[in-house]
Amino acid sequence: MTELKFAFWDSVGGYNIEGESMADVYERHIKLAQHIEELGWHSYFVIEHQNSPVGRITAPSVYLTAIARATTTLRIGAMMWQLPFYHPMRLAQEVAMLDHLSHGRVEFGTGIGVHEHEFIRWGVDYYQRAAMSEEVLTLVKMAWTADEVTFEGKYFNFDEALPQPKPLQKPYPPIWAAVHSDAAIEFAARNNLNVSQNLDTDEVVARKFDLFREIWRECNHPGPMPEVFLQRQVHVAETDEKAHAEAREFLASPEGGAVRVGGGPIAETRIGWGTHARGMGSDSERPDDAQRGRTMMQAAKDYDYNIENGLALIGSPETVIRQLQEGKKLIGYDIFCTNHQIGRMPPGLVNNSIDLFGTEVIPAFRQHKCVAF
């Protein structure tokens, strides 16, 4: 069986235990990172959100420093740091420091941000986010590789900035682009970046990653092709029947499911989700984004739709291994990222799924294993 690396997606603080302080939440998730390292996960990722009631990673570099000091082999990163919200030199220095404190284990996930209300609340132009992000990324790479940075751009100007330290990994940590649109995929391919995805159906993801590989080859980049990362919801139990019975209550469930864009506490605020119910302003109506919106709406109400389109992997260890094999053949991902916290699923079910995945599924994809089906 082809070797496959596994990342772990941790939505820290999304569904807190009632009365639990954030200090306790962070401590619990640090222990979780230690546990998945022991179980054999390759990497650990969180996501940055601002002004969000279901995420508490508002300063990824700070949180990941705690993870770095509590682990030894687990690679760590945010998928993504929201580039338009950062001063480029500060971001470059923070991530470089994190790379040293982790002894070279940082994965630098980048993205432009998706929710309009986060930008409105911080006074940042939502519709300039792609151009701002490109400038930030250019400057971060300069800060990591040049002795001094002199730069005159549309959004930032520097006169002989002297950023320190440089990253431990040379020339710098792996850079990931969180991509959805064809334009984002083309940007990643032309800039020789690793790519990640999480929301489209398997069929759509396969087409987009094929486009990425096609454009990347046309660019004649030196070296190996960048890596491809896919995140999915995963629930493993001892049997298929048990796994589906447990997951059905929380996947595509109005009562136990995740808070959807357009609803929840944000919808009750004065600014709400911004100028569009889907939370992406006028970008919500772009063809690709509108199609993704329809996919997410269907996934929110149809359990079988999630299974049939690869949006969730549910079953016994043997079934999930087979699903991963099929997905890798169709999509060609190098890193599969597991999200075991499905909506408001209680900790006991989540932890059992994590343990079964770590002890039964991950070993099947190590090179020295030969598994026949």
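Is D182 buried, exposed or partly exposed? Let's warm up with that one: at 32% relative accessibility, D182 counts as partly exposed, where buried means under 20% relative accessible area, exposed over 50% and partly exposed in between (1.4 Å probe, protein chains only).

A word on the ground rules. This is a predicted model, in which local features need pLDDT of at least 70 and side-chain atom pairs count only at pLDDT 80 or more, while totals for chains, interfaces and linings use all residues. Residues are numbered from 1 along each chain as its sequence is written, and side-chain values use heavy atoms, with hydrogens and water left out.

**Exercise 1. Find the salt-bridge partner of D182 and say which elements the pair ties together.**

Step 1. Take the cut-off: a salt bridge is a side-chain nitrogen of Lys or Arg within 4 Å of a carboxyl oxygen of Asp or Glu.

Step 2. The partner is R207, at 3.4 Å from N to O.

Step 3. Place both residues: D182 lies in helix α6 (residues 182-190) and R207 in helix α7 (residues 202-218), so the bridge ties together parts that are 25 residues apart in sequence. Helices (H or I, at least four residues) and strands (E, at least two) are DSSP runs, numbered from the N terminus.

Step 4. Check R207 as well: its relative accessibility is 42%, so R207 counts as partly exposed.

**Exercise 2. Work out which salt bridges R292 makes with D288 and D289.**

Step 1. Start with D288, whose side chain meets that of R292 at 2.3 Å, N to O. These two are four residues apart in helix α10 (residues 287-301), and therefore separated by about one helical turn.

Step 2. Turn to D289, which meets R292 at 2.8 Å, N to O. Here the spacing is three residues in helix α10, again about one helical turn.

Step 3. Add the accessibilities: R292 is buried at 3%, D289 is buried at 5%, and D288 is partly exposed at 23%.

Step 4. Widen the view: salt bridges with shared partners join R129, D200, K208, D283, R286, D288, D289 and R292 into one network. The structure holds 18 salt bridges.

**Exercise 3. Describe the aromatic pair of F85 and W122.**

Step 1. Recall the rule: rings of Phe, Tyr and Trp (its six-membered ring) pair if their centres lie within 6.5 Å; planes under 30 degrees apart count as stacked, over 60 as edge-to-face and the rest as tilted. The whole structure has 17 such pairs.

Step 2. F85 and W122 are 4.9 Å apart centre to centre with 50° between the planes, hence tilted.

Step 3. F85 sits in the loop between β3 and α3 (88-101) and W122 in helix α4 (residues 116-122), so that the pair links distant parts of the chain, 37 residues apart.

Step 4. F85 is buried at 13% relative accessibility, whereas W122 is partly exposed at 41%.

**Exercise 4. Describe the surroundings of R75.**

Step 1. R75 belongs to strand β3 (residues 75-82) and is buried at 17% relative accessibility.

Step 2. Its side chain reaches the backbone oxygen of G104 at 3.2 Å.

Step 3. Leaving out residues up to four places away in sequence, R75 touches residues including H42, Y44, G104, E107 and P174, with contact meaning heavy atoms within 4.5 Å.

Step 4. One of these neighbours, Y44, also belongs to an aromatic cluster with F6, F8, W41, F357 and F365.

Notes: Polar contact = N/O pair within 3.5 Å; in protein donor to acceptor, adjacent residues only side chain to side chain.
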